Amino acid sequence: MNGSSLLKFWVFAAVFGMPVLVTPPLLATVVPPGTHDEIRDRMEPFGSLCRTGDDCSGAGSGQAAGARNASATLTGEQVYSQFCFACHTTGISESPIFGDVQAWAPRIAKGVDVLWENTTGGLGLMPIRGTCMNCSDDELRAAMDYIIDRAK
Ligand code: HEC
């Protein structure tokens, strides 16, 4: 290489090489650090977040932050306060209110089998599984029993 083509080489290298060197760090800074974690957390299904320091119930407590331990069973009260309360505490859409003995009496009179059918399958504006799609049957049943027990 003579001097002139060496110069051309460097000009070429500088012009085309620069973006290769500079672009990756630039791209990396477009998304602030931590954002990916935050987005992932927000995309966790509602009610399944278990952050460090939270009491994530029974077997779940002490687990790493971020995911619900599949083996951690929610109590009826926990399912109620995460999913059912939104309607059953407020009475929205004519939901029978939690603890309202009169409102629940005719429903309880139908028998638990019918109530269970409607808890899993939905009834009118009562959504299927009370919106807790991740609940096991046991968890959902515990929530239903919790509601019924407090309305007797
Ligand atoms: C989006 C609101 C909403 C949520 C959330 C909700 N419910 Fe309901 N629920 C209703 C409404 C409204 C009714 C009354 C339906 C009707 O009689 O037409 C109802 C009725 C019921 C009944 C009585 C069914 C019957 O046969 O009379 C049970 C039991 C029940 N809900 C359990 C639950 C449980 C358990 C959860 C949580 C896992 C839950 N619901 C979450 C709105 C809700």
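These are numbered notes on a predicted model of a protein chain with a ligand.

1. Confidence. Average pLDDT for the protein chain is 80. Of the residues, 62% score at least 70. Residues 58-68 fall below 50. Beyond near neighbours in sequence, that stretch has 20 contacts in the model. Those contacts should be read together with the pLDDT below 50 over residues 58-68.

2. Overall make-up. The protein chain has six helices and zero strands. From the N terminus on, the order is α-α-α-α-α-α. Of its 152 residues, 14% count as buried. Take the contacts between residues at least 6 apart in sequence: 46% of these join residues at least 24 apart.

3. The ligand shell. Which residues come closest to the ligand? They are Cys84, Cys87, Gly124, Met126 and Gly130, out of 28 residues that surround the ligand. Helix 3 (76-88), helix 5 (112-121) and helix 6 (137-149) each give two or more residues to the shell. Helix 3 gives the most, with six residues. By type, the shell residues divide into 17 nonpolar, eight polar and three charged.

4. Met126. This residue, among the closest to the ligand, sits in the loop between helix 5 and helix 6. Met126 is partly exposed because 19 other C-beta atoms lie within 10 Å, and buried status takes 20 or more. The C-alpha atom of Met126 is separated from that of Ser93 by 8.6 Å. Along the chain, the two are 33 residues apart.

5. Helix 6 geometry. Does the span of helix 6 agree or disagree with the expected value? It agrees: at 1.5 Å a residue, the 13 residues should span 18 Å, and the end C-alpha atoms are 18 Å apart.

6. Helix 6 burial. Leu140, Ala142, Ala143, Met144 and Ile147 are buried in this helix. What covers them includes helix 3 and helix 5. Helices 3, 5 and 6 also give two or more residues each to the ligand shell.

7. The nonpolar core. The largest nonpolar core has 13 residues. Val79, Tyr80, Cys84, Cys132, Leu140, Ala143 and Ile147 touch the most other members. Helix 3 and helix 6 are the elements that give two or more residues to this core. Cys84 belongs to this group and is also one of the residues closest to the ligand.

8. Ala143. Which residues does Ala143 touch, not counting those up to four places away in sequence? They are Gly76, Val79, Tyr80, Cys84 and Gly130. Of these partners, Val79, Tyr80 and Cys84 are in the core group named above. Cys84 and Gly130 are also among the residues closest to the ligand.

9. Leu140. This residue is in helix 6. Is Leu140 buried or exposed? Leu140 is buried because 23 other C-beta atoms lie within 10 Å, where 20 or more are needed. Leaving aside neighbours within four places in sequence, Leu140 is in contact with Val79, Thr119, Thr120, Arg129, Gly130, Cys132 and Cys135. Leu140 and Val79 are 61 residues apart along the chain, yet their C-alpha atoms are separated by 7.1 Å.

10. Arg129. Phi is near 55° here, a positive value in a residue other than glycine. Arg129 lies in the loop between helix 5 and helix 6, as does Met126. Arg129 counts as partly exposed because 19 other C-beta atoms lie within 10 Å, and 20 or more would make it buried. Not counting residues up to four places away in sequence, Arg129 touches Thr120, Cys135 and Leu140. The C-alpha atoms of Arg129 and Thr119 are separated by 5.4 Å, with their positions ten residues apart along the chain.

11. Glu94. Here too phi is positive, at about 65°, although the residue is not a glycine. Glu94 lies in the loop between helix 3 and helix 4 (101-108). Glu94 counts as exposed because it has 11 C-beta neighbours inside 10 Å, and the cut-off for exposed is 12 or fewer.

Technical notes
Residues are numbered from 1 along each chain as its sequence is written. This is a predicted model: local features need pLDDT of at least 70, side-chain atom pairs count only at pLDDT 80 or more; totals for chains, interfaces and linings use all residues. A residue is near a molecule or strand if its C-beta atom, placed from the backbone, lies within 6 Å of it. Helices (H or I, at least four residues) and strands (E, at least two) are DSSP runs, numbered from the N terminus. Ala, Val, Leu, Ile, Met, Phe, Trp, Tyr, Cys and Pro count as nonpolar, Asp, Glu, Lys and Arg as charged, and the others, Gly among them, as polar. Two residues are in contact if their C-beta atoms, placed from the backbone, lie within 7 Å. pLDDT is the predictor's confidence in each residue, from 0 to 100. The expected span of a helix is 1.5 Å times one less than its number of residues. A nonpolar core is a set of buried Ala, Val, Leu, Ile, Met, Phe, Trp, Tyr and Cys residues joined through C-beta atoms within 7 Å.
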